[in-house]
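Please examine the model shown below. The paragraphs that follow lead from one helix to the interior and then to particular loops and residues.

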Amino acid sequence: MTAHPTASASVSNACASLPEATDPRLRALGDWLAGVAEPLSLDMSQWAPASADASFRRYFRIGSHDPAHPSLIVMDAPPPQEDCRPFVHVAQLLDDAGLQAPKVLAEDLAQGFLLLTDLGRETYLDVIDEDNARPLMRAALDALIVWQKSSRPGVLPAYDRALLQRELDLFPDWYIGKHLKVALSAEQRATLDGINRLLIDNALAQPQVFVHRDYMPRNLMPGLPGTTGPGILDFQDAVYGPLTYDVISLMRDAFLSWDEERQLDWLAYYWERARKAGLPVDADFGEFYRQAEWMGLQRHLKVLGIFARINYRDGKPRYLADTPRFIDYARKVAERYRPLHPLAQLLDALTGQQAGVGYTF
């Protein structure tokens with residue numbers, strides 16, 4: 001890369017001109033970027049917010065004089081709320097597997113700053129439609145199989161019983177208690193505890209693989225010209241856990257809903273390709289589908305709690321608008337399987353709604 005002697009000055013000037021310049025983290029970020037600007041050919045005259053997410057992280061897009069990377073992404077992940085080390089670790093795992101993920105060009109783990117390659121401005125969520133959904137989702141499933149094939153134990157944190165339970169506890173604590181303002185009776189609490197045991201046992205009984213843990217259209221990108229497969233984002237919470245977790249997360253998204261026939265088509269595609277790739281999916285598609293649905297139900301309940309927590313704890317209300325989607329997902333699964341019927345009844349009591357079941361296995 002060619003060094004530009006005015007890069008450090010442009011960093012300071014660009015940061016100072018931002019409305020957020022009174023933000024001490026932004027000032028610290030500008031000082032850090034000034035130190036890496038010249039060797040990385042940064043052009044801070046091109047500086048803009050890129051995105052924010054449901055966590056405390058935020059992202060900025062900056063320019064670069066390197067023609068191979070005309071723009072770069074800066075991640076601001078403030079300690080102690082965020083830890084950049086898992087992101088750096090998983091980014092390397094994805095790269096080792098031959099998948100597209102942001103590459104870390106510079107880091108300051110103590111301050112929570114990363115400089116990353118830019119995979120583009122559009123996610124699947126921005127571009128997916130009736131015409132391109134099938135090829136985009138199949139590409140995502142193919143990439144998921146590659147990710148799962150690269151799995152090995154002892155590399156990522158275990159998605160163990162304690163973590164699964166902590167996630168499930170978010171539903172009664174935040175969605176039922178804080179959002180609905182309902183105190184569960186002893187009988188209702190016992191019902192929920194029994195359902196949680198079934199869902200955790202289902203998760204732990206499955207073959208264990210690398211799990212992205214938020215594998216959905218908002219975190220996938222169509223990919224840059226000359227690349228194959230989707231770009232993969234927001235992977236810092238990856239764990240070693242149930243094989244069906246990511247595939248059902250893709251099908252039953254927080255921001256998109258697909259009809260059940262299309263979900264079945266994509267799940268069958270994944271199941272067939274995974275078997276051919278040697279992944280230990282169940283030989284019976286019906287049992288695989290049940291495992292995926294029960295795994296998805298654990299995620300649905302968790303997400304309901306998370307979206308409520310984001311609103312009441314973090315002051316980000318926009319996610320609450322998508323909670324009806326997850327109530328619908330959860331109720332359909334609970335109605336489909338007899339052992340889960342008590343949950344359907346509890347959801348009906350909490351929300352006063354009912355939903356159709358669709359296909360049954």
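**Helix α12 and its surroundings**

The elements that cover the buried residues of α12 include α6 (161-179), α7 (186-205), α10 and α11 (323-336). Here a helix is a DSSP run of H or I with at least four residues, a strand is a run of E with at least two, and both are numbered from the N terminus. Buried means under 20% relative accessible area, exposed means over 50%, and partly exposed lies in between, with a 1.4 Å probe and protein chains only. The model is predicted: local features need pLDDT of at least 70, side-chain atom pairs count only at pLDDT 80 or more, and totals for chains, interfaces and linings use all residues. Residues are numbered from 1 along each chain as its sequence is written, and side-chain values use heavy atoms, with hydrogens and water left out.

Helix α12 spans residues 341-351, and its buried residues are L343, A344, L346, L347, D348 and L350. An α-helix has 3.6 residues a turn, so residues three or four places apart point the same way. Beyond its neighbours within four places in sequence, L343 is in contact with T191, L192, I195, L297, L301 and A334; contact means heavy atoms within 4.5 Å. Just after α12, G352 adopts a positive phi of about 70°.

L343 also leads into the interior. It is among the residues with the most contacts inside the largest nonpolar core, together with W147, F171, Y270, F288 and L340; this core has 98 residues. A nonpolar core is a set of buried Ala, Val, Leu, Ile, Met, Phe, Trp, Tyr and Cys residues joined through side-chain atoms within 4.5 Å. Helix α10 (residues 285-312) supplies the largest share of this core, 13 residues. A second, separate core has 17 residues, including M44, L72, V74 and F113. In soluble globular proteins, nonpolar side chains tend to be buried together.

For the protein as a whole, there are 12 helices and 9 strands. Of its 361 residues, 51% count as buried. Among contacts with a separation of 6 or more, 69% come from residues 24 or more positions apart. The accessible surface comes to about 15,700 Å², of which 52% belongs to carbon and sulfur atoms; the area is obtained by the Shrake-Rupley method with a 1.4 Å probe.

**A helix pair**

How do α5 and α9 pack against each other? Helix α5 (residues 133-149) and helix α9 (residues 260-277) meet at an angle of about 35°, with their axes 10 Å apart. The axes are lines fitted to C-alpha atoms over the stretch in contact, and angles run from 0 to 180 degrees between N-to-C directions. The crossing is right-handed, that is, the near helix is turned clockwise from the far one by less than a right angle. On the α5 side the contact includes A133, M137, L141, L144 and I145, and on the α9 side W266, Y269, Y270, A274 and A277 are among the participants. The residues of this contact divide into 10 nonpolar, 1 polar and 7 charged. In this division Ala, Val, Leu, Ile, Met, Phe, Trp, Tyr, Cys and Pro count as nonpolar, Asp, Glu, Lys and Arg as charged, and the others, Gly among them, as polar.

**Loops and individual residues**

The loop between α8 (245-251) and α9 holds A254, which is buried at a relative accessible area of 4%. Leaving aside neighbours within four places in sequence, A254 is in contact with M216, F307, D322, R325 and F326. The C-alpha atoms of A254 and M216 are separated by 8.0 Å, although the two residues are 38 apart along the chain.

In strand β6, F210 counts as buried at 1% relative accessibility. Apart from residues up to four places away in sequence, F210 touches a set of residues that includes L93, W147, V155, L156, V239 and Y240.

Several loops have notable backbone geometry. A cis peptide bond with omega of about 0° joins P79 and P80, and P80 is in the loop between β3 (71-76) and α3 (85-96). R213, in the loop between β6 (208-211) and β7 (220-221), is a residue other than glycine with a positive phi, near 90°. D234, in the loop between β8 (231-232) and β9 (239-242), is likewise not a glycine and has a positive phi of about 55°. R213 is buried, with a relative accessible area of 17%, and D234 is buried with a value of 17%.
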